[in-house]
Amino acid sequence: MLLFFPSYLIDPQQFHAPSDLRSPRARFVLFLLFSFFRSGGYLFFNRLGIMGVVFETVGVRQTVGKGRLMASELNNSNPDHDYSKEKLKHSSKEEMVSTMTNSMHRSSSRPQLDVSRAAIQEDSEDRNPTILLPNQSDDISHLALDIGGSLIKLVYFSRHEEQSPDDKRRSMKKRFGLSNGNRRSYPILGGRLHFVKFETGKLNECLDFISSKQLHRGGIDSPSWRSGTQTDANIVIKATGGGAYKFADVLKERLGVSLDKEDEMSCLVAGANFLLKAIRHEAFTHMEGQKEFVQIDHNDMFPYLLVNVGSGVSIIKVDGDGKYQRVSGTNVGGGTFWGLGRLLTKCKNFDELLELSQQGDNSNVDMLVGDIYGGLDYSKIGLSASTIASSFGKTISETKELSDYRPEDISLSLLRMISYNIGQISYLNALRYGLKKIFFGGFFIRGHAYTMDTISFAVHFWSKGQAQAMFLRHEGFLGALGAFMSYETHGLDYLRAHQLVERFPMEAPCIGGKIHGPPLGNLNEKISWLEKFVQRGTQITAPVPMAPPGTTGMGGFERPSSRGNTLRSDASAALNIGVLHLVPTLEEFPLLADPKMYEPNTIDLLDHGELEYWVTVLSEHLPDLVDKAVASEGGTDDAKRRGDVFAHAFSAHLARLMEEPAAYGKLGLANLLELREECLREFQFMDAYITIKQRENEASLAVLPDLLIELDNMNEEDRLLALIEGVLAANIFDWGSRACVDLYHKGTIIEIYRMSRKKMQRPWRVDDFDMFKERMLGSGDEKSQPYKRALFFVDNSGADVVLGMLPLAREFLRHGTEVVLVANSLPALNDVTALELPEIVAEAAKHCDIIRKAAEAGGLIMDAMVSIQEDGLKNHSTSVSLMVAENGSGGPCIDLRQVSSELAAVAKDADLIILEGMGRAIHTNLNAHFNCDALKLAMVKNQRLAEKLFNGNIYDCICRFEPGKEQL
Ligand SMILES: Nc1ncnc2c1ncn2[C@@H]1O[C@H](COP(=O)(O)OP(=O)(O)O)[C@@H](O)[C@H]1O
Ligand SMILES: CC(C)(COP(=O)(O)O)[C@@H](O)C(=O)NCCC(=O)O
Ligand SMILES: [Mn+2]
């Protein structure tokens, strides 16, 4: 039998089912219906009543004329969409499919897949049948080019992991001992945007790069490439810049592809608008060596002036999306600097020229006011003696030849001449149109501190502080991004800031026309490449070169105050930008009281002392972490090798950040801690603490029954206190804290837990327990209304979750409150993950009726213990539900601007959130305000932090209760 999808395009990321699906019956029927989708091709639905299907982009398989689709799980990503309005009224399979597809809502901008007449072949024996997409014809676009006068910029999209997501899912499941597959184990869906540049003069190397990765065919892993079903002659690539015309024939000849030419100005504007809207820390100011990220108000973005400093300079007034006017330009631009500079200094490359300027003194070349006025200021018109009166004016001397001047001085003079000139013309245009915001892009900027300072000074000086110069991290890629955006098929223009996660992998550089390393995606080659550096005794340079801090053009026409710093070589790595991971399922946590003001990080790492301290903490933790990571992979030679390279790579990141804290965007402690986890994953350490977690889970589960008996013998008030005490005490099991790890040598898990409980002394350092108790139990005769739904942001495995949070959850269930355990999507230290929780809950449920019934009601223990098919409908009860949701994070902290859509959806009905642990309740979110009540529980396992934030000591406890803003 064939099941037909209605004949229109669906937006996979926006498909979800109504909340009615929470009824076990509805879910069971759906389960039967879609059981054949499971594992790798399944329609997923979780215990929260949010069912989703996503045609996971990485799972898309296509053949010519007949698409094949591997469905995978996911849920809604459209924050505007109202779940509650949709009702599922049909019960037959066909009707249900069609109802669900009808409920999908179509976004004109995301027509990734044409599922018209899509069909499932039910006669197939396969439990994971393929869906045929007979009308899916085009490959989803992957590459766009901006071929400029000096540089070729590539933006390309990759959907594929080094390992296929299915393999990953399988190996993760195997490791976690989970056999069934209706839980998502890998949150990265979407794909990745990469940014690469080559010199236009080395077009051939650029084409080799494209060809080696088969980017024009959708990447090495694309099915059409593997199957050889697509002919290159059909391939059309978006391109902009003059080279799109000039080199069209070469591309046709070499790659067989045609170029679809996009207007350069439109692309620049589209690229800039996209970056400003979608990337949180894209724009920054740079004054006197200080870089500061600018928060862009999306509702007040326009108009602005865009100055693109490429070979030449374009000045564009931007009034909105697609609304712009090129108001001016100048032929004195980056090409002038590089061209004249090369002639005058004999430099071999652009960076060398820039680097030279850092040792220069332009007063040997420039004619200063003082040179004309006999050393005096021309104070009447506000010019100091050191102001440049005439760039290169001193070289009019007839007695000197070019060789009599230092190349360093010439380079600096040239740089200042051109930068001031551009700054001044930009200001004049801003003045002409009454604009206050000027964004500078183009590769002339090259993240070079002195260039930015000089332009900023000029804008500030001439506008008397009225206009502001801002720079863009993706400076040179505006046009290429715009061309990429112009594909009508990927709809990335609708992405929002929270859906993009920037990563900085140790990728081999491929810049300046040379690919300095292996093609992306081959871990082994990447490791060898990094090893070579280590063996040669060369420090691995972190992947993001940028200008040194502190070079400044103070005084506008003064000399740079900071000198002698070397410019990070462009060839040593990529740019000051990372790979953009597109995670269309991330959303803003809906219970944040003031999302615009929300700042996750409590500690400001702009404070150099703080940065130094935390970098040292992480460095000192590194050897132990490497040991654990290597052991988690069986201690094999391969694991040791990866462990070694991981240590070098992570140290390089830390060194890089010490040098320039804002190199990867705005830096907080949460980012630093997450970087460590990401770096581990980059070298394929998927869960370094797996053994420790399992051991601690087992030990804790063994004593749980006794603890529950003990608790049940208490009266309600004492029990509540004991439970909170228990959470705080058990939060001591934190393998990320140096002090705690030292403690673990001193006893068994249970001994340490008992010791920790014994030490609990009220009042705690922050102690709002009485307020919380009153809200829970009421006061006097007045009983309080129980919470409807509580979100428990759980932290560590073992005692923390088993003896701390789970018993507390049980108490809420007892009060009739629905509980959602919110846990990490990916491992971080010894934190429990959402994938691991069902099994832990199932174990606990063996000893506790309350947990068992609630877990059954939440559909949770079916995940780990019984198959829903065998259990069927017989066992559901009316008890409140215990559920699990993943939080979308892969670090020990949580940034609530980017949570999983699963969590965002379930949060809508919550009236209490409990944030537990140092990472989630102290390092991040200590100052966060919510619309619902919030309880923040943590033990402070770091002396410095305890002193700084709470004027206290290590092992102090925090119990902060904050009534929700809406309740106040
Ligand atoms: N590695 C490099 N090689 C050549 N020029 C560079 C390099 N890095 C920065 N530049 C500067 O960037 C300019 C080109 O900027 P870009 O935005 O790519 O413009 P275009 O599209 O005109 O090539 C060059 O003229 C030069 O000033
Ligand atoms: C990484 C952590 C935030 C995890 O703490 P948790 O959230 O598990 O309570 C914490 O271990 C930490 O801040 N460690 C570094 C500090 C130290 O070693 O003292
Ligand atoms: Mn933790």
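**Exercise 1. Find the loop that holds Arg446, and work out whether Arg446 is buried or exposed.**

*Step 1.* Start with the place: Arg446 sits in the loop between β20 and α13. Keep in mind that you're working with a predicted model.

*Step 2.* Check the backbone. Arg446 has a phi near 50°, which is a positive value in a residue other than glycine.

*Step 3.* Now the surface. The relative accessible area of Arg446 is 4%. Buried means under 20%, so Arg446 counts as buried.

**Exercise 2. Do the same for Lys464: where is it, and is it buried or exposed?**

*Step 1.* Lys464 belongs to the loop between α13 and β21.

*Step 2.* Its phi is positive, about 50°, although Lys464 is not a glycine.

*Step 3.* The relative accessible area of Lys464 is 72%. Exposed means over 50%, so Lys464 is exposed.

**Exercise 3. Classify the ring pair of Phe443 and Phe477, and say which loops it links.**

*Step 1.* Get the right numbers first. A pair of aromatic rings is described by the distance of the centres and the angle of the planes.

*Step 2.* Searching the whole structure turns up 30 aromatic pairs. Phe443 and Phe477 make up an aromatic pair with 5.3 Å centre to centre and 85° between the planes, and it is edge-to-face.

*Step 3.* Now trace the chain. Phe443 is in the loop between β20 (437-441) and α13 (449-463), and Phe477 is in the loop between β21 (468-472) and α14 (478-485). They are 34 residues apart, so to speak a link between distant parts of the chain.

*Step 4.* As for cover, both Phe443 and Phe477 are buried.

**Exercise 4. Why is the pair of Tyr613 and Trp614 edge-to-face, and how exposed is each residue?**

*Step 1.* The ring centres of Tyr613 and Trp614 are 5.0 Å apart.

*Step 2.* Their planes stand at 85°. Over 60 degrees counts as edge-to-face, so that's the label for Tyr613 and Trp614.

*Step 3.* With a relative accessible area of 22%, Tyr613 is partly exposed. Trp614 has 6% relative accessibility and counts as buried.

*Extra.* Want a group of rings to look at? Phe772, Tyr787, Phe792, Phe812 and Phe961 are linked into a cluster by ring pairs.

**Exercise 5. Describe the hairpin of β13 and β14.**

*Step 1.* Find the pairing: strand β13 (residues 283-287) runs antiparallel to β14, over four bridges.

*Step 2.* Pick out a bridge. Phe284 has Phe293 in β14 as its bridge partner.

*Step 3.* Look at the turn. Two residues lie between the strands of this hairpin, and Glu288 takes a positive phi near 50° there.

*Step 4.* Compare the faces of β14. Lys291 and Phe293 are on the covered face, while Gln290 and Glu292 are on the uncovered one.

**Exercise 6. What is the strand order of the seven-stranded open sheet, and which strands are at its edges?**

*Step 1.* Read across the sheet: β27-β34-β33-β32-β28-β29-β30. The pairing is mixed.

*Step 2.* β27 (766-767) and β30 (882-886) are the edge strands, since each pairs on one side only.

*Step 3.* Zoom in on one pair. Strand β28 (residues 789-793) and strand β32 (residues 912-916) are parallel, with four bridges. Ala790 stands opposite Leu912 in β32.

**Exercise 7. Locate two cis peptide bonds.**

*Step 1.* One joins Phe302 and Pro303, with omega about -10°. Pro303 is in the loop between β14 (290-293) and β15 (304-309).

*Step 2.* Another runs from Arg762 to Pro763, with omega near -5°. You'll find Pro763 in the loop between α22 (749-758) and β27.

**Exercise 8. Build a picture of the shell around ligand 2.**

*Step 1.* There are 16 residues around ligand 2, and Asp734, Gly919, His923, Lys941 and Asn942 come nearest.

*Step 2.* Sort the shell: four residues are nonpolar, eight polar and four charged.

*Step 3.* Ask where they come from. α16 (608-632) and α30 (918-923) each give at least two residues, and α30 has the largest share, with three.

*Step 4.* List polar contacts. An oxygen atom of ligand 2 lies 2.4 Å from a polar side-chain atom of Lys941. For Asn942, a side-chain N or O atom is 2.7 Å from an oxygen atom of the ligand.

*Step 5.* Finish with cover: ligand 2 taken alone exposes 470 Å², and the protein buries 97% of that.

Definitions and conventions:
Residues numbered from 1 in each chain as written. Chains lettered and ligands numbered in written order. Predicted model: local features only at pLDDT ≥ 70, side-chain atom pairs only at ≥ 80, totals over all residues. Heavy atoms only, no water. Near = heavy atom within 4 Å. Polar contact = N/O pair within 3.5 Å; in protein donor to acceptor, adjacent residues only side chain to side chain. Areas by Shrake-Rupley, 256 points an atom, 1.4 Å probe, with all protein chains shown as cover. Nonpolar A, V, L, I, M, F, W, Y, C, P; charged D, E, K, R; others polar. Pairing = 2+ DSSP bridges. Phe/Tyr/Trp six-rings, centres within 6.5 Å; stacked < 30°, edge-to-face > 60°. Buried < 20%, exposed > 50% of the residue type's maximum accessible area, 1.4 Å probe, protein only.
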